[in-house]
Amino acid sequence: MSVFNFTNNKAFAALKEDGTVAAWGDSGSGGDGVPEGLSGVKTIYSNEYAFAAVYGENDEVAAWGRSGYGGSGVPDDLSGVKTISSTMGAFAAVYGENDEVAAWGNNGYGGTDVPDGLSGVTAIFSNQYAFAALKQDGTVTAWGSGSGVPEGLSGVTAIYSTSGAFA
């Protein structure tokens, strides 16, 4: 029997073999409130006070926990999700045929200010307050508190992060 456990600051979630989720702990941090009928879950992600799960045939996203931290506000029609990354208070997902990015949660943590037209993303990296997207062409785009990318940066193959910076 395989059960995978995920934690945030005050709650736990477990992905069960049958693709359903159990959660416990602080109710305001996702310890309860798993969306009713959530099944076919493939993976769960967490931040400080919320959870997000990729589920179903279309790789859609459900979220629960503190709404100001991404526990609600998943963009409509978000499907084809390939991966999710999180800061302390937000989530960002790579999705769709063009590897676009959507984010939700607290804007101070990169939740809503994804640069327009961001696509061709191979991976998203995070620190406590910001996201950095590595694009197929080797360029980097960052957003959130304290984010910034040196002008002319290209040819990047990997990004590393500390609690407050990227390299």
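How many bridges join S2 to strand S3 (residues 21-25), and in which sense do the two strands run? There are 5 bridges between S2 and S3, and the strands run antiparallel. Strands here are DSSP runs (E, at least two residues; helices are H or I, at least four), numbered from the N terminus, and two strands pair if DSSP finds at least two bridges between them.

Before going on, a word about the model. It is predicted, so local features need pLDDT of at least 70 and side-chain atom pairs count only at pLDDT 80 or more, while totals for chains, interfaces and linings use all residues. Residues are numbered from 1 along each chain as its sequence is written, and side-chain values use heavy atoms, with hydrogens and water left out.

**Strands and sheets**

S2 and S3 form a hairpin with 5 residues between them, and glycine 19 in the turn has a positive phi of about 85 degrees. Within this pair, alanine 14 has alanine 22 of S3 as its bridge partner. Strand S2 (residues 11-15) is largely enclosed by the rest of the structure, because 4 of its 5 residues are buried. Buried means under 20% relative accessible area, exposed means over 50%, and partly exposed lies in between (1.4 Å probe, protein chains only).

Further along the chain you will find an open sheet of 3 strands, in the order S4-S5-S6 and with antiparallel pairing. Its edge strands, S4 (41-46) and S6 (60-65), each pair on one side only. Neighbouring strands of this sheet are turned by 20 degrees against each other on average, direction ignored; the axes are lines fitted to C-alpha atoms (for helices over the stretch in contact), with angles from 0 to 180 degrees between N-to-C directions. Strand S5 (residues 50-55) pairs with S6 over 6 bridges, and alanine 53 has alanine 62 in S6 as its bridge partner.

**Loop residues**

Most residues other than glycine have a negative phi. Two aspartates have a positive one, as the table shows.

| Residue | Phi | Loop | Relative accessibility |
|---|---|---|---|
| Aspartate 77 | about 60 degrees | between S6 and strand S7 (81-86) | 75%, exposed |
| Aspartate 99 | near 50 degrees | between strand S8 (90-95) and strand S9 (100-105) | 14%, buried |

Tyrosine 69 also sits in the loop between S6 and S7, and is buried at a relative accessible area of 17%. Its C-alpha atom is separated by 8.3 Å from that of phenylalanine 91, 22 residues apart along the chain. Leaving aside residues up to four places away in sequence, tyrosine 69 touches residues including Asn47, Tyr49, Met88, Phe91 and Tyr109, where contact means heavy atoms within 4.5 Å.

**Serine 126**

Serine 126 belongs to strand S10 (residues 121-126) and counts as buried because its relative accessibility is 18%. Its side chain makes a polar contact of 3.3 Å with the side chain of serine 85. A polar contact is a pair of N or O atoms within 3.5 Å; within protein, one must be able to donate a hydrogen and the other to accept it, and residues adjacent in sequence count only if both atoms are side-chain atoms. A polar atom of the serine 126 side chain also lies 2.7 Å from the backbone oxygen of serine 86. Other residues that serine 126 touches include Thr87, Phe131, Ser161 and Phe166.
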